[in-house]
Structure formats: structure tokens, C-alpha cells
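Reader: I've got a two-chain model open and would like a close look at one part of it. Could you walk me through that part, with the cut-offs spelled out as you go?

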Amino acid sequence: MRNRARGGQKTKHIALVFGVGALLFAAAAYGQGALGGLLWRVLEPVLAVRNSVTASEVAILQSELAAAKAARADRDLLLQENKDLKQRLGRTSTQARTLAGVLLRPPGIPYDTLVLDAGAAEGVGAGDLVLAGGAGVIGTVVEVYPTTARVILLSAPGETHDALVSLADAQVLPVRVEGQGSGSMRAQVPAGAGVVVGASVVLPGVFAGYTGTVTHVDAKEGESFETLYMQLPANPLQLRFVEIVKPYVSQ
Amino acid sequence: MFRNRTVILVSFLTTATGFLAGFWPLAVFGVLLATVSGHWVTAILLGFLLDLAYGAPGWLHYIYFPLTALAVVGSVLRVVIVGKLRKRGGDTL
């Protein structure tokens, strides 16, 4: 009899846990966006204070160095392309840019995402591109709250995007890039495609952005495909400031 | 009662420290600590707050709240395991 009572009590306990969980899940799923925005209204000033307190000179310099490396890596490529396009097409582009501080980044967050201190109030919208170092595209805005925004990096596991890998003689090779996490990405190309370490990876389109560099080419003997391993223009673990741009508008 | 409050406080502080220090494993450890010690309300609440802050990108989007789900599943498992141990006459956890 005592065992039956205990068994009944256990079942009630389990049912209670499931019931509470299901109610919470339903309510939270319905109001996820609003609840997230409310939470970040409270967290944003706390994390901003934390960043200002913990930012040592070394960390600041490392962050600036990372941004400078990203800017230098793509500057020559974009400068030449810019001159060529302006001359041939007679088109100019205008982009509104919003500077944003990084509130949360890996490993402070378990996913390849960033939380920025700019949101709907600053004109940020879902789908906006996020740049590091002023030029390298590192991700897109996926969720916008009143004063904060969540960005998913191009290197996030499960994320894929189309890109172009530069080859010799100004040729490009279209690839499908898959995120591997922590700033790493990979793509497969036919064996003998001629991609070398250091090749630039850019988004397709006339006003596209630089999204990475090939860091390793894995070519196995007898295989039909080679695997390219790439890195984002900037190390997401060291980012402190990024720029948010609207999709390109040509004039 | 004192022990319960201590565990809840330690779980909350561990999660908060992990979040503020920018080290997510520590934050998740706080949730697991509350789960394993049987404080399922605290565990679910902490998991829920972390899910709101971290989001759930990629395939985790289909779970909506992965850390909350982890806390719920962990709490259920704890109840089942403790029940089985009690049946065998083992020491209480």
C-alpha cells in the first residue's frame, strides 16, 4: 500500500512537472519576441557596464588589431573592384551604416551569434548585414528588439550561403559555404579547381561584401572534390564593435 | 530549508556569473545544478531566462527553448532515477 502511495505521488509529481513545463512553453512561445525584448532592456545596461569595467588595454588593442587585419585583408580586393565597377557601370551605391557595440559574443553565448546594443530604435531591421572592420561581412540580423538586436554569424553551424571564391586571372568560382562554428566555414569544389590558401571569399552581387579567406585546402588523392576551409574576416571572439548596413541601394 | 535556499542561491549565482563573465558553460552549469538538486522550478526559470537571452538559432529554433527543455527533461529523469533508487532501498539523494 505504501508503494502504491509512493508510485501515485511520483506520477503526480511527473505530471505536475510536465504540466507546468507545457504551460510555460506555450506562454513563452507565444510571447517569445516581447519577452526577449523586455529581458534585453534590463540586461543591456548591465552588460554595457560590465564591458566598460572589464575592457583592459590589452583587450582593446587586440580588438583593434583584429578589426585592422580584417580591413586590410579585403581592402585591395574591394578597392580595385570598386574602381573597375564605377568606371564601367557608372553606378554609385549609398548605404546607411549604424555603429553598434557587441554586448554578448562567443564564448559568452553558446551559439555563433552576437547581441548588439542597437535595435529598432536605431533603425536596425531583420536581414541587415553586419560588418566587422568596416568592410568584412560576418553575419545578418535575425531578431530585432527595441534597443538590441541578435545577429547570426555566417559561420554558425547549420548556416549556409552562396559565395564566390577568387581564382587566378580575376576568375571566380561559385560555392555553397557551410558554417562550422567559431568563425570557421567550409565549402566543396571540384578537384583541381585551382583554389589556393589566401583566396578571398565574397558574396555574389555587384555591391557584395568580403566574407572570408581560404585558410586550408584539403585535397585527397583520387577524390572528385576538394574541401576548402575558410575563416570570417574577423575573430568573433574578439569583436567589440560592428557596423550594421541596410541591403545595398544603388543610385 | 536553509540547505534548499543555499542550493537555489548557489545555482542562481553560478548562472549569473557565467552570463556576466561571458562563459556560457558556467551559466548552463547553474541550471544543471538546480536540476540535479531537485529544484525544478529554479532550474526551469533559469533555463528560460538563458533561452530568452541567448536565443535558439539554427535547428534549435524548432525546440524554441532548448535550455528550458533540458531543465524539464533533467527534472523528470531525476524523479525517475530517485524513485528507482528508493525502490531498491538505496540512500536518499
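How many Å² are buried between chain A and chain B, and what percentage of that do carbon and sulfur atoms give?

Author: Sure, and some ground rules before the numbers. This is a predicted model, where local features need pLDDT of at least 70 and side-chain atom pairs count only at pLDDT 80 or more, while totals for chains, interfaces and linings use all residues. Residues are numbered from 1 along each chain as its sequence is written, chains are lettered from A and ligands numbered from 1 in the order in which they are written, and side-chain values use heavy atoms, with hydrogens and water left out.

On to your interface. About 2,700 Å² is buried between chain A and chain B, with carbon and sulfur atoms giving 77% of that. Buried area here is the accessible area (1.4 Å probe) that two parts lose on being put together, summed over both. On the chain A side, Val17(A), Gln32(A) and Tyr111(A) lose the most area to chain B, together 21% of what that side buries. If you count residues instead, the contact (heavy atoms within 4.5 Å) takes 30 from chain A and 29 from chain B.

Now the partner itself. Chain B has four helices and zero strands, running α-α-α-α from the N terminus on. Helices (H or I, at least four residues) and strands (E, at least two) are DSSP runs, numbered from the N terminus. Along the principal axes, the C-alpha atoms of chain B fill a box of roughly 45 × 30 × 15 Å.

Inside chain B, take helix 2 (residues 24–36) and helix 4 (residues 66–88): they pack at an angle of about 25°, with their axes 9 Å apart. The axes are lines fitted to C-alpha atoms, for helices over the stretch in contact, and angles run from 0 to 180 degrees between N-to-C directions. That angle is why helix 2 and helix 4 of chain B count as roughly parallel (under 35 degrees; over 145 is roughly antiparallel, 65 to 115 roughly perpendicular and the rest oblique). Val28(B), Val31(B), Leu32(B), Thr35(B) and Val36(B) in helix 2 meet residues of helix 4 including Leu67(B), Leu70(B) and Arg78(B). The residues of this contact divide into seven nonpolar, three polar and one charged. For that split, Ala, Val, Leu, Ile, Met, Phe, Trp, Tyr, Cys and Pro are nonpolar, Asp, Glu, Lys and Arg are charged, and the others, Gly among them, are polar.

Back in chain A, strand 2 (residues 97–104) pairs antiparallel with strand 13 (residues 241–245) over five bridges, and Gly101(A) has Phe241(A) as its bridge partner there. Two strands pair if DSSP finds at least two bridges between them. Strand 2 of chain A also pairs antiparallel with strand 3 (residues 113–116), over two bridges; Val102(A) is bridged to Leu116(A). The loop between strand 2 and strand 3 holds Pro107(A), and a cis peptide bond joins Pro106(A) and Pro107(A), with omega about 0°.

One more backbone item for you: Ser182(A) has a positive phi near 55° despite not being glycine. Ser182(A) sits in the loop between strand 8 (172–181) and strand 9 (184–190) of chain A.
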